[in-house]
Amino acid sequence: MALDQYYLLGRSGLRVSRLALGTMNFGTGGFHAPYGKTEAEARAIFRRYVEAGGNFIDTADFYTAGESETILGTLVEEAGLRDRMVLTSKFTNSVDPGDPNAGGNGRKHMIRAVEASLRRLRTDYLDLFLLHTWDRITPVEEMLRTFDDLTSAGQIRYAGLSDVPAWYAARAQTLADAHGLTPMVSLQLPYSLVERTIETEHVAAGQTLGLGITAWSPLGSGFLTGKYRRDDQGLAGDGRLTGDGATGRTWTDRHWQLLKTVETVADKLGVTMAQVALNWVATQPGVASAIVGASSPEQLDSSLAALDFELPAELRAVLDEASAVPRESVYRMFTPEYQGWLVSPGAKVADKPAGYHPPVVNWS
């Protein structure tokens, strides 16, 4: 259960743990209150994470109405670990309903948001500052220039994006490169065995543009843990998917069959279903880190152990097949089958030969 291996985040020199600690449930206020933890409860979870060697912490000004940042600031300060931690926060969602400039991705709100986050986190800089959600209207050039100014001012070290269209990420990174502005190094997106949509474009965009993907909800909001069961209402069980925060998502026969496959793989490996699902996400192409939340130190221990085993190629293939989402529309034309049929018929064409770029590691 040791997070003693660190990897570069995207096209940067920033070393981060393969599992990041999500702190959306630190605090008991606001939107996330039903699953919130008190400061004492959060302290036990935080300490277990850093004792395991973890250094990548994810929060946002919106989480538990700012309590997540406040609690996290207290915990980091009392532990004396500010320099060791990679603190990540996000902005976009409104912190003052009715005020049009208290949300969104404009310069006024970005500066207001980072200054408020720094106060709550009791620090003078953020290691990583993310746009939380594409707001559809703010010019990307304004957002980029503000990121650049915040970096020059020393208030943030790195910039990134969360929950944006792939074309937006591509445009942002291309403009940053072309104009010598602070580049994006991270792209935070939902990714799990029940939500593989980002493979259509986002993963390739991240790999090409130097954006390390951090996957949120790698357990499909808990569905992949196996704690839910099927009933006449569609879903039964005690958890987020059936509580006040339920999304109303429809769970199909394909999802339930996938769950059986995850259970079978877990039984073969002697691990939990959650560990299988988390291992799969954390070791997928383009993924720099997977974000794990926890309701207790014991639950966190179980998540950290997800990297203690290797998912055999044959079992990964079984999971891939069970969770695969068929390519639709124009995306069918980008499959190996289609291109082997029309683009390169009769010839075997690939990008690079195996071993072209062996991994660089600094441990024996």
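Eight strands here close up into a barrel, and the pairing is parallel. Follow the ring around and you meet the strands in the order β3-β4-β5-β6-β7-β8-β9-β10. From one strand to the next, the twist averages 30°. Keep in mind that this is a predicted model.

Let's zoom in on one pair from that barrel. Strand β5 covers residues 86-91, strand β6 covers residues 126-131, and the two pair in the parallel sense over 4 bridges. Which residue in β6 is the bridge partner of F91? That would be L131.

Now for a couple of helices. Helix α4 (residues 140-152) packs with helix α5 (residues 166-179) at an angle of about 55°, and their axes are 10 Å apart. Angles of 35 to 65 degrees count as oblique, so α4 is oblique to α5. As for handedness, α4 passes α5 in a right-handed crossing.

Next up is the second largest pocket, which holds about 980 Å³ of space. Its lining takes in 25 residues, and Y7, L8, H357, P359 and V360 are the ones that lie nearest the centre of the pocket. Three elements give two or more residues each to this lining, and here they are:

| Element | Residues in the element |
|---|---|
| β1 | residues 6-8 |
| α6 | residues 202-209 |
| β10 | residues 287-292 |

Which element gives the most to the lining of this pocket? The answer is β1, with 3 residues. Notice β10 in the table too: it helps line the second largest pocket, and β10 is also one of the barrel strands.

What kinds of residues make up the lining of the second largest pocket? They divide into 11 nonpolar, 10 polar and 4 charged residues.

Technical notes:
Residues are numbered from 1 along each chain as its sequence is written. This is a predicted model: local features need pLDDT of at least 70, side-chain atom pairs count only at pLDDT 80 or more; totals for chains, interfaces and linings use all residues. Side-chain values use heavy atoms; hydrogens and water are left out. Two strands pair if DSSP finds at least two bridges between them. Axes are lines fitted to C-alpha atoms, for helices over the stretch in contact, and angles run from 0 to 180 degrees between N-to-C directions. On a 1 Å grid over the protein atoms alone, a cavity is a set of points where a 1.4 Å probe fits but cannot get out, and a pocket is an open set with protein on both sides within 12 Å along at least five of seven lines; lining residues have an atom within 4 Å of a point. Grid points are joined across faces, edges and corners, and a volume is the space filled by probe spheres set on the points. Ala, Val, Leu, Ile, Met, Phe, Trp, Tyr, Cys and Pro count as nonpolar, Asp, Glu, Lys and Arg as charged, and the others, Gly among them, as polar. Angles under 35 degrees count as roughly parallel, over 145 as roughly antiparallel, 65 to 115 as roughly perpendicular and the rest as oblique. A crossing is left-handed if the near helix is turned anticlockwise from the far one by less than a right angle, and right-handed if clockwise.
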